[in-house]
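User: I should like to go through this model by asking why each label has been applied. Please set every value against its definition.

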Amino acid sequence: MKNALLVVNGLLVIAVGFLLYKQFSGSPDSKGPRAGDVLSKDKDSMLNKKVLFAYIDMDTLQEKYIVAKNAQDEIRKKQNEMNASLEAMQKALRTKVAGYQQQGNNMTEEQYMAAKQDVDASQQQFLEKQKNLTDEYNNFVNNKISAVKKKIEDYLKVFNADKTFSFIFSYEPGLFYYKDTAYDITKEVLKGLNDQYANEKK
């Protein structure tokens, strides 16, 4: 009886040991399917391709890509127009307030209340105008940025039509701590973008 218990205990230890081995050995059965097991291994498979990265310097593109420069000029112009409009309204409001202040003690209580309502209404109009112009400006900026970004993205599809690169990143200061200039394709992309723009303008 004692021998039988020893045999049973021995078999249980072996069984538990086997289960633990299967659980922690990293075998496909215990971990589920792996990428290499489920992805196709034919000649066109991603497993047979090299992964190449490249980057473009966005500061350089913003400075030298004609479409981006034009967009920045239009944004500055829009901002100047907004500021001029708001400054004109502020000047008119200040003039109105100064006029009422000059009347000062000569105003009746009714005149004072009417003047206060007029100033309050003018201030409210200014705030509404400021909000509307700011919203309009922000939408304008977002549309310009999106249009430039789409131009770059569309060109990169043509530039990388042969699938040379798996990923093309935009390099922006503060985003990456290190860059190898061997993977910098800014010069080539910039030339292609400006050539494309020149052809579209013909």
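User: Which residues is Thr186 in contact with, leaving aside its neighbours within four places in sequence?

Analyst: With those neighbours left aside, Thr186 is in contact with Tyr55, Ile56, Asp57, Thr60 and Leu61; contact means heavy atoms within 4.5 Å. This is a predicted model, in which local features need pLDDT of at least 70 and side-chain atom pairs count only at pLDDT 80 or more, while totals for chains, interfaces and linings use all residues. Residues are numbered from 1 along each chain as its sequence is written, and side-chain values use heavy atoms, with hydrogens and water left out.

User: Why is Thr186 called buried?

Analyst: Its relative accessibility is 4%. Buried means under 20% relative accessible area, exposed over 50%, and partly exposed in between, with a 1.4 Å probe and protein chains only. The value of 4% therefore places Thr186 among the buried residues.

User: What makes the approach of Thr186 to Asp57 a polar contact?

Analyst: A polar atom of the Thr186 side chain lies 2.7 Å from the backbone nitrogen of Asp57. The term covers a pair of N or O atoms within 3.5 Å; within protein, one must be able to donate a hydrogen and the other to accept it, and residues adjacent in sequence count only if both atoms are side-chain atoms. The distance of 2.7 Å therefore falls within the limit.

User: Asn194 and Ala147 have relative accessible areas of 16% and 42%; why do their labels differ?

Analyst: The value of 16% for Asn194 is under 20%, so Asn194 is buried. At 42%, Ala147 falls between 20% and 50% and is therefore partly exposed. Asn194 lies in helix α7, and Ala147 is found in helix α6 (residues 109-159); helices (H or I, at least four residues) and strands (E, at least two) are DSSP runs, numbered from the N terminus.

User: What makes a group of residues a nonpolar core, and which members of the largest one touch the most others?

Analyst: A nonpolar core is a set of buried Ala, Val, Leu, Ile, Met, Phe, Trp, Tyr and Cys residues joined through side-chain atoms within 4.5 Å. The largest has 18 residues, of which Ile56, Leu61, Tyr65, Val148, Ile152, Val189 and Leu193 touch the most other members. At least two residues of this core come from each of β1 (53-57), α4 (58-64), α5 (66-103), α6 and α7. Apart from it lies another core, of seven residues, including Ile75 and Leu133.

User: Five aromatic pairs are found in the whole structure; why is the pair of Tyr55 and Tyr171 called tilted?

Analyst: Rings of Phe, Tyr and Trp (its six-membered ring) pair if their centres lie within 6.5 Å; planes under 30 degrees apart count as stacked, over 60 as edge-to-face and the rest as tilted. The centres of Tyr55 and Tyr171 are 5.9 Å apart and their planes are at 55°, so the pair is tilted. Tyr55 in strand β1 and Tyr171 in strand β2 (residues 167-171) are 116 residues apart in the chain. Tyr155 and Phe159 also form a tilted pair, with 6.0 Å between centres and 40° between planes.

User: How do you know that Lys179 sits over the ring of Tyr171?

Analyst: The charged end of Lys179 is 4.1 Å from the ring centre of Tyr171. A charge sits over a ring if NZ of Lys or CZ of Arg is within 6 Å of the ring centre and within 35 degrees of the ring normal. Lys78 likewise lies over the face of Phe140, at 5.4 Å from the ring centre.
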